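Got your viewer open and a cartoon view ready? Let's take a walk through this one, stop by stop.

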Amino acid sequence: MQQIRPISDLRNKFAEVSRDVHETNEPVFLTKNGVGDMVVMSMESFAALEFDSTIYAKLQEAEREAEATATRYSSAEVLATLRETLEPQVIGTPPTVPSSSSVESRTADVKTTAHV
């Protein structure tokens, strides 16, 4: 349940507001003259919110890219490219990132069409 408190509680009952945001992992909404003014949340809650926002933005970008191109890759193609990129890092040599043309030529017979 949302906690709505007057902004004066931030000054007069700071320890209580801090405890509430940490214990509940929910933000506290502060009002000024009865109108919403600020939101207070724990650093952990803010980091989680920021992470979720980043993921959401990347998903939106991927959807826009999928709408703009007909090129699709199977999960096998993606995993093969990831292995090629990450295995040198595990062994200790710098990775080589394959160009999109090498991925396309290597996997031309495996192309699939996906609908978003």
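Here is a tour that starts with the whole chain, moves to the sheet, and then visits some side chains.

**Stop 1: the whole chain**

Keep in mind that this is a predicted model. Colour the protein chain by secondary structure and you should find 5 helices and 3 strands. Going along the sequence, the pattern reads β-α-α-β-β-α-α-α. Now switch on a surface: the protein chain exposes about 9,000 Å², with 59% of that supplied by carbon and sulfur atoms. Of its 116 residues, 18% count as buried. If you like contact maps, take the contacts between residues at least 6 apart in sequence: 43% of them join residues at least 24 apart.

**Stop 2: the sheet**

Select residues 3–6, 28–32 and 35–40, which are β1, β2 and β3. Together the strands make an open sheet in the order β1-β2-β3, and the pairing is mixed. β1 and β3 are the edge strands with a single partner each, so one side of each has no neighbour in the sheet. On average, neighbouring strands here are turned by 35° against each other, ignoring direction.

Zoom in on β1 and β2. These two run in the parallel sense and are joined over 4 bridges. Which residue of β2 is the bridge partner of Pro6? Click on Thr31, and you have the partner.

Next, add residues 14–24, which is helix α2. This helix packs on the sheet and touches β1, β2 and β3. Look down the helix and compare directions: α2 makes about 165° with β1.

**Stop 3: a chain of charges**

Show side chains for Arg5, Asp9, Glu16, Arg19, Asp20 and Glu23, which are linked in a network of salt bridges. As background, side chains of opposite charge can pair when their charged atoms come close. The model has 5 salt bridges by the rule used here.

Begin with Arg5 and Asp9, whose side chains meet in a salt bridge at 2.9 Å, N to O. Are these two buried or exposed? Arg5 has a relative accessible area of 8%, so it counts as buried. Asp9 is buried as well, because its value is 10% and the cut-off for buried is under 20%.

Now move to Arg19, in helix α2. One of its salt bridges goes to Asp20, with the closest N and O atoms 3.4 Å apart. Another goes to Glu23, where the closest N and O atoms are 3.8 Å apart. Arg19 and Glu23 sit 4 residues apart in α2, about one turn of the helix.

Colour this trio by accessibility and you get three categories:

- Asp20 is buried, at 11% relative accessibility.
- Arg19 is partly exposed, at 42%.
- Glu23 is exposed, at 58%.

**Stop 4: a nonpolar patch**

For the last stop, select Tyr73, Val78, Leu79, Leu82 and Leu86 and turn the surface back on. These residues form a nonpolar patch on the surface, with about 420 Å² of accessible area together. Where does Tyr73 lie? Show α3 (43–68) and α4 (75–91), and look at the loop between them: Tyr73 is there. Its relative accessibility is 35%, so Tyr73 counts as partly exposed.

Conventions
Residues are numbered from 1 along each chain as its sequence is written. This is a predicted model: local features need pLDDT of at least 70, side-chain atom pairs count only at pLDDT 80 or more; totals for chains, interfaces and linings use all residues. Side-chain values use heavy atoms; hydrogens and water are left out. Two strands pair if DSSP finds at least two bridges between them. Axes are lines fitted to C-alpha atoms, for helices over the stretch in contact, and angles run from 0 to 180 degrees between N-to-C directions. Contact means heavy atoms within 4.5 Å. Patches are made of residues with over 30% relative accessible area and no salt bridge: like charges are joined within 9 Å, nonpolar side chains (Val, Leu, Ile, Met, Phe, Trp, Tyr) within 5 Å. Accessible areas come from the Shrake-Rupley method with a 1.4 Å probe; for residues, only the protein chains shown count as cover. A salt bridge is a side-chain nitrogen of Lys or Arg within 4 Å of a carboxyl oxygen of Asp or Glu. Buried means under 20% relative accessible area, exposed over 50%, partly exposed in between (1.4 Å probe, protein chains only).
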